[in-house]
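Dear colleague,

Please find below the sequence and the structure that I am handing over to you. My findings follow directly after them.

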Amino acid sequence: MSFSSVFALPLLIVVAAGIYYIYNEVMQFMAKSLVRNKVVVITDAVSGVGTACAHTLHKGGARLILCGMSWDKLESLFDSLTRDADPSQTFQPKLVILDFSDMDSMPEVVNEVVECYGCVDVLICNSSMKLKAPVQSVSLELDRNIMDINYFGPSTLAKGVLPTMLSRRSGHIVLVNSIQGRLAVPFRSSYAASKHAAQAFFDCLRAEVEEFGITVSTISHTFINTGAIPPSDTPALNLNNLKPYITTVIANQLANGVGPSVLANEIVRTVNRKRREVLLAHPIPRVALYLRSLFPSFLFSVLAAGVKDSVLAEQMQ
């Protein structure tokens with residue numbers, strides 16, 4: 001074997017890595033230039049995902065309107081954004097208290113958001129409330145609270161900022177939803193129902209406003225993983241334990257989740273590229289979506305088997 005052939009593969013890897021690095025740098029530069037001077041609203045800016053989005057968009061020169069339930073957390077985020085910022089390149093964020101569980105306050109909140117700059121270029125709806133419980137243990141009050149936060153809140157805010165977008169014939173609304181807006185799993189009845197409702201609303205909205213130059217995007221992701229979750233042991237495959245094997249594999253895949261920074265970067269890319277629909281999930285959940293459409297009976301039996309064996313009940317998120 002010649003000397004050149006020995007080093008050919010490592011050299012190729014280095015070159016490919018260099019090209020990939022340059023590509024990412026160019027895309028990040030373009031991302032910053034595309035959001036410059038844009039009025040961007042983040043509904044839950046104090047969450048991990050919202051904070052990551054805020055930092056990226058602020059550095060890019062966006063005019064941010066940061067929303068959240070805690071004034072102290074909003075002020076802390078404001079300080080972290082402006083501490084080392086270049087005033088000639090960035091705008092000071094504006095802060096708005098937003099609580100989707102208090103729907104009576106929404107008209108006032110909508111007015112406050114719109115009056116910050118007189119218009120909204122990008123609305124990022126990333127607020128969410130999760131619940132894991134059997135159907136019979138969830139009260140009607142809790143059902144309604146989840147629907148307010150996950151469905152009525154985002155849809156009401158979208159309706160509120162829509163007139164400014166229609167008048168300017170431009171705008172972008174991003175719903176950070178969940179894969180459970182398209183695929184329901186056990187012990188997530190209220191959560192999945194609210195996410196299904198939100199998915200349907202924004203799908204309809206997309207078709208209605210496209211002629212006015214307004215983009216509506218939905219991002220469906222698996223659960224947001226803020227820490228390491230060890231997967232369960234997968235049993236050996238044989239014909240007698242096929243369904244438990246499949247449910248354990250699904251649970252292991254879902255246990256990986258999506259990191260806040262990964263989701264935040266996808267949100268920014270979606271805004272810049274104006275993608276209508278994004279699925280941010282591992283292969284197994286993607287396969288489950290196809291099974292739901294093509295072989296629903298098989299998927300239903302797999303989910304039921306998972307509940308019976310307490311695999312998905314403990315690990316599916």
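In this predicted model, strand 1 (residues 39–42) directs Val39 and Val41 to one side and Val40 and Ile42 to the other, and all of them are buried. This fits the rule that side chains in a regular strand alternate between the two faces of the sheet.

Strand 1 has pairing partners in strand 2 and strand 4. With strand 2 (residues 63–68) it runs parallel, joined by four bridges, and valine 40 lies opposite leucine 64 of that strand. The connection from strand 1 to strand 2 passes through helix 2 (residues 48–59), and this β-α-β crossover is right-handed. With strand 4, strand 1 forms three bridges, again in the parallel sense; here valine 41 faces leucine 123.

These strands belong to an open sheet of seven strands, paired in parallel and ordered 3-2-1-4-5-6-7. Strand 3 (94–97) and strand 7 (277–280) form the edges; each has a single partner strand, so one side of each is left without a neighbour in the sheet. From one strand to the next, the twist averages 15 degrees.

Further along the sheet, four bridges connect strand 4 (residues 122–125) and strand 5 (residues 171–176) in the parallel sense, with isoleucine 124 bridged to valine 174 of strand 5. Helix 8 (residues 260–273) packs on the sheet and touches strand 4, strand 5, strand 6 (214–221) and strand 7. The direction of helix 8 makes about 160 degrees with that of strand 6.

As to the interior, the largest nonpolar core has 32 residues, and Val113, Leu123, Leu157, Ile173, Phe202 and Leu205 have the most contacts inside it. Among the elements that give two or more residues to this core are strand 1, strand 4, helix 4 (106–117) and helix 6 (189–209). Helix 5 contributes the most, namely seven residues. Beyond its neighbours within four places in sequence, isoleucine 173 contacts a set of residues including Leu123, Leu162, Met165, Phe202 and Val216. Another core, of 29 residues, lies apart from the largest one and includes Ala54, Leu57, Phe78 and Leu95.

Finally, a word on confidence. The mean pLDDT of the protein chain is 83, and 79% of its residues reach 70 or more. The pLDDT is below 50 over residues 228–234, a stretch with 12 contacts beyond near neighbours in sequence. It is also below 50 over residues 311–317, where the corresponding number is 28 contacts. Where pLDDT is low, the predicted coordinates should not be read in detail.

With kind regards

Key
Residues are numbered from 1 along each chain as its sequence is written. This is a predicted model: local features need pLDDT of at least 70, side-chain atom pairs count only at pLDDT 80 or more; totals for chains, interfaces and linings use all residues. Side-chain values use heavy atoms; hydrogens and water are left out. Two strands pair if DSSP finds at least two bridges between them. Axes are lines fitted to C-alpha atoms, for helices over the stretch in contact, and angles run from 0 to 180 degrees between N-to-C directions. Contact means heavy atoms within 4.5 Å. Buried means under 20% relative accessible area, exposed over 50%, partly exposed in between (1.4 Å probe, protein chains only). A crossover is right-handed if, with the strands pointing away from the viewer, the path from the first strand over the helix to the second runs clockwise. pLDDT is the predictor's confidence in each residue, from 0 to 100. A nonpolar core is a set of buried Ala, Val, Leu, Ile, Met, Phe, Trp, Tyr and Cys residues joined through side-chain atoms within 4.5 Å.
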